[in-house]
Amino acid sequence: MSQLPSDADAVLAQHARREAELEELLAAAQDLTRIRDVEHALRTVTDRTKRLLDCDVAYLSARVDGEEHFAVRAWSGQLSPGFLGTQVSVGSGVGGAVAATHQAVQVEDYTSATEIAHNDYLDTHVGGQGIRTLLGVPLEIDGRLLGILFAGRRAKQRFDDREITLVSSLAAHAAVALVNAQLFEMQEQTMRGWSSRLAAFAPTTQPSRPRSRCTNS
């Protein structure tokens, strides 16, 4: 009988934690629907990921226009400035495995992981940041991979199934927000282009008024 209060407390604490996580996910989704700037959207996604999973770092690699690789565009947490632009190709590292399978991929200890393909470039960039446990989830719409969202810990501590489900849901919202922001920016560029064209054809001087003739009677 003495165990009942402690068991009940554990259940209540777990329920409260899950409720807080769902509230955080809902708040993140609402924030993302209001964003119309691509860079702002990317930063918001990484900030929310770090808060949601309580991890050391979160970063997002977006697809490079016209290419089959991805590059780090935004992060939250302590990473060196040189990490910006780090590239991921299909098949290499955690991100490469996500790009190949379009599924969440996790390694508990990046540098010694045998379930991913290593290369010197990624091992130097990822390992150099002290990242041990690394999770990657896809940002995709209709099967088109827009980017890869990463969550990292500097200690060996796997993300559990609940956490993976949470960040995967956030990535789904982020993919929609990213597409909307891209469309909004394209629309703005188009409008600015039309405005420039109209301004070029607009008259630069006011038309002169005809002078009235005076006649003497």
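**Exercise 1. In which loop does D54 lie?**

*Solution.* The model is predicted: local features require pLDDT of at least 70 and side-chain atom pairs pLDDT 80 or more, whereas totals for chains, interfaces and linings use all residues. Residues are numbered from 1 along each chain as its sequence is written, and side-chain values use heavy atoms, with hydrogens and water left out.

Step 1. Helices (H or I, at least four residues) and strands (E, at least two) are DSSP runs, numbered from the N terminus. D54 is located in the loop between α2 and β1.

Step 2. Although D54 is not a glycine, its phi is positive, at about 50 degrees. Most residues other than glycine have a negative phi.

Step 3. Buried means under 20% relative accessible area, exposed over 50%, and partly exposed in between (1.4 Å probe, protein chains only). D54 counts as exposed because its relative accessibility is 67%.

**Exercise 2. Determine the strand order of the sheet and identify its edges.**

*Solution.* Step 1. Two strands pair if DSSP finds at least two bridges between them. The six strands form an open sheet in the order β3-β2-β1-β6-β5-β4, with antiparallel pairing.

Step 2. β3 (87-89) and β4 each have a single partner strand, so one side of each is left without a neighbour in the sheet. From one strand to the next, the twist averages 25 degrees.

Step 3. At one edge, β2 (residues 69-76) and β3 run antiparallel and are joined by three bridges; H69 stands opposite S89 in β3. At the other, β4 (residues 105-107) pairs with β5 in the antiparallel sense over three bridges, and the bridge partner of V105 in β5 is G136.

Step 4. Helix α2 (residues 38-53) lies across β1 (57-63), β2 and β6, at about 65 degrees to β2. For such angles, axes are lines fitted to C-alpha atoms, for helices over the stretch in contact, and angles run from 0 to 180 degrees between N-to-C directions.

**Exercise 3. Describe the setting of β5 and its hairpin with β6.**

*Solution.* Step 1. Seven of the nine residues of β5 (residues 133-141) are buried, so this strand is largely enclosed by the rest of the structure.

Step 2. β5 and β6 (residues 144-153) run antiparallel, joined by nine bridges. One opposed pair is L139 and G147 in β6.

Step 3. The hairpin of these strands has two residues between them. D142 occupies the loop between β5 and β6 and has a positive phi of about 55 degrees although it is not a glycine. With a relative accessible area of 82%, D142 is exposed.

**Exercise 4. Which residues of α3 are buried, and what covers them?**

*Solution.* Step 1. The buried residues in α3 are G93, V94, G95, G96, A97, V98 and A99. Seven of the nine residues of this helix (residues 93-101) are therefore buried, and α3 is largely enclosed by the rest of the structure.

Step 2. The cover of these buried residues includes β2, β3, β4, α4 (120-127), β5 and β6, where contact means heavy atoms within 4.5 Å.

Step 3. Just after α3, H102 takes a positive phi of about 55 degrees.

**Exercise 5. State the confidence of the model by chain and by element.**

*Solution.* Step 1. pLDDT is the predictor's confidence in each residue, from 0 to 100. The protein chain has a mean pLDDT of 81, and 68% of its residues reach 70 or more.

Step 2. Among the elements of the protein chain, helix α1 (residues 3-33) has the lowest mean pLDDT, 62, and β4 the highest, 98.
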